[in-house]
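I sat down with this model to jot what I could look up in it, one topic at a time. My notes follow, in the order I took them.

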Amino acid sequence: MCSSDLAVTMTPPLPWLDPVLAVWFVLTALSVAYVAWDAFTRNPELKVMKWGWLLVTLYGGPIMAAAYVLSCQEPPTVRHEDFVRPLWKQAFGSTIHCMAGDATGVIVAAAVTTALGLPMWLDVTAEYLFGFAFGLLIFQALFMRDMLGGSYGRALRASFMPEWLSMNAVMAGMIPTMVLLMSHDMAAMHATSLRFWGVMSLATLAGLVVAYPVNLWLVAARLKHGMGTERALGHGGHSVGTDASAPMRHEDAMPPSQDMSMKPGATGEQIAAMTLLTLLMLAAGVILATIGGRWSM
């Protein structure tokens, strides 16, 4: 390869992209600040969801801040319990909870593996495993154990299958996004580059879009919790009083999709069918990455 070819190869494409990304991340910082202020000072949602929204807004910027306002921010004249009652909002909250754990694990693993100079196929393998482990062991089993009786082991067993199905869908969106973009821009392979974080941001949004329909089914089937609120659930998943000290009936405060004490609304055959579907989604993502990207770089 001649020196001129090497210079072309080493020069990042789209020179205007870095200033655009700089603006994006300034908007992201403002979005994170707003969501943190609103969630921790005015919103009665569960604490784990406050942190979930904060993390996902860190990855998804103003797009996720807008999603927070539209789906989770408590209106002045409507109780949060009533505002988040529709199934689509319950499922969106479940997806946010999933992405907060899974995407965090994926991004941390990606930063480490790229720093070590590992090939792309090994990067993606580590990202899948670490993302799934972080989402399952921390954001699902640990943070939600009170809703499932207070036992970490019980929460782990109850969370394993729905978290795995959701993770398959998340990675079906994240894998092709990461591999395709990084294969065509080597600057995006380094965690010190704005382009790396731009790819992670776009991959997180892609993963959320793909994972939402799966989470919609999981919440409707009562295999995953929906959007929560402290007034409805309190500590350990039990109904507590409202701010006005008037007791709130548990059945009025909590939609069926949030009541994890109810039996799952899906048969074993239906769960098997959804498992197959998410594996096919994951395989499709890998095929797209193989067609348009490089696994050996």
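**Entry 1: Val-106 and its surroundings**

I started with Val-106, which I found in helix H5. A reminder to myself before going on: this is a predicted model. Is Val-106 buried or exposed? I noted a relative accessible area of 0%, and the cut-off for buried is under 20%, so Val-106 counts as buried.

Next I asked which residues Val-106 touches, not counting residues up to four places away in sequence. My list has Glu-127 and Gly-131, and then four methionines: Met-167, Met-171, Met-174 and Met-178. I also checked one C-alpha distance: Val-106 and Ala-133 are 27 residues apart along the chain, and their C-alpha atoms are separated by 9.9 Å.

**Entry 2: The cavity**

Two of the names on that contact list, Glu-127 and Met-178, came up again when I looked for enclosed space. How many cavities of 30 Å³ or more are there? I counted one, and the largest cavity has a volume of about 30 Å³. Its lining includes Glu-127 and Met-178. The other residues I wrote down for this lining are Ala-110, Thr-114, Met-120, Asp-123, Met-182 and Met-200.

Which elements give two or more residues to this lining? They are helix H5 (87–115), helix H6 (120–140) and helix H7 (152–183). H6 gives the most, with three residues.

**Entry 3: The whole chain**

I stepped back here to see the overall picture. The chain has 11 helices and zero strands, so to speak a run of α after α from the N terminus on. Of the 297 residues in the chain, 48% are buried.

I then looked at contacts between residues at least 6 apart in sequence: 74% of them join residues at least 24 apart. For the outside, I noted an accessible surface of about 13,500 Å². Carbon and sulfur atoms account for 73% of that surface.

**Entry 4: Salt bridges**

How many salt bridges does a search of the whole structure find? The search gave five, and I followed up on three of them.

My first stop was Arg-79, which forms a salt bridge with Asp-82, with the closest N and O atoms 3.0 Å apart. Both partners sit in the middle class: Arg-79 is partly exposed at 31% relative accessible area, and Asp-82 is partly exposed at 33%. Going on from there, I saw that salt bridges sharing partners join Asp-18, Asp-185 and Arg-195 into one network.

I went into that network through Arg-195 and Asp-18, whose side chains meet in a salt bridge at 3.0 Å, N to O. This pair links distant parts of the chain, with Arg-195 in helix H8 and Asp-18 in helix H2, 177 residues apart. Are the two partners buried or exposed? Arg-195 counts as buried because its relative accessibility is 4%. Asp-18 is partly exposed, with a relative accessible area of 31%.

The other bridge I looked up pairs Arg-42 with Asp-38, and here the closest N and O atoms are 2.6 Å apart. Asp-38 has 2% relative accessibility, so I marked Asp-38 as buried. Arg-42 went down as partly exposed, with a relative accessible area of 45%.

**Entry 5: A pocket that H2 and H8 help to line**

H2 and H8 turned up again at the second largest pocket, where about 300 Å³ of space lies. Of the 16 residues that line this pocket, the closest to its centre are Leu-17, Leu-181, Gly-198, Val-199 and Leu-202. H2 and helix H8 (194–220) each supply at least two residues of the lining. Which element has the largest share? H8 does, with six residues.

**Entry 6: A surface patch**

My last look was at the outside of the model. Val-23, Val-26, Leu-27 and Leu-30 form a nonpolar patch on the surface. Together these four have about 360 Å² of accessible area. Leu-30 is in helix H2, which covers residues 17–41. Why did I mark Leu-30 as exposed? Its relative accessibility is 57%, and exposed means over 50%.

Definitions and conventions:
Residues are numbered from 1 along each chain as its sequence is written. This is a predicted model: local features need pLDDT of at least 70, side-chain atom pairs count only at pLDDT 80 or more; totals for chains, interfaces and linings use all residues. Side-chain values use heavy atoms; hydrogens and water are left out. Patches are made of residues with over 30% relative accessible area and no salt bridge: like charges are joined within 9 Å, nonpolar side chains (Val, Leu, Ile, Met, Phe, Trp, Tyr) within 5 Å. Accessible areas come from the Shrake-Rupley method with a 1.4 Å probe; for residues, only the protein chains shown count as cover. Helices (H or I, at least four residues) and strands (E, at least two) are DSSP runs, numbered from the N terminus. Buried means under 20% relative accessible area, exposed over 50%, partly exposed in between (1.4 Å probe, protein chains only). Contact means heavy atoms within 4.5 Å. On a 1 Å grid over the protein atoms alone, a cavity is a set of points where a 1.4 Å probe fits but cannot get out, and a pocket is an open set with protein on both sides within 12 Å along at least five of seven lines; lining residues have an atom within 4 Å of a point. Grid points are joined across faces, edges and corners, and a volume is the space filled by probe spheres set on the points.
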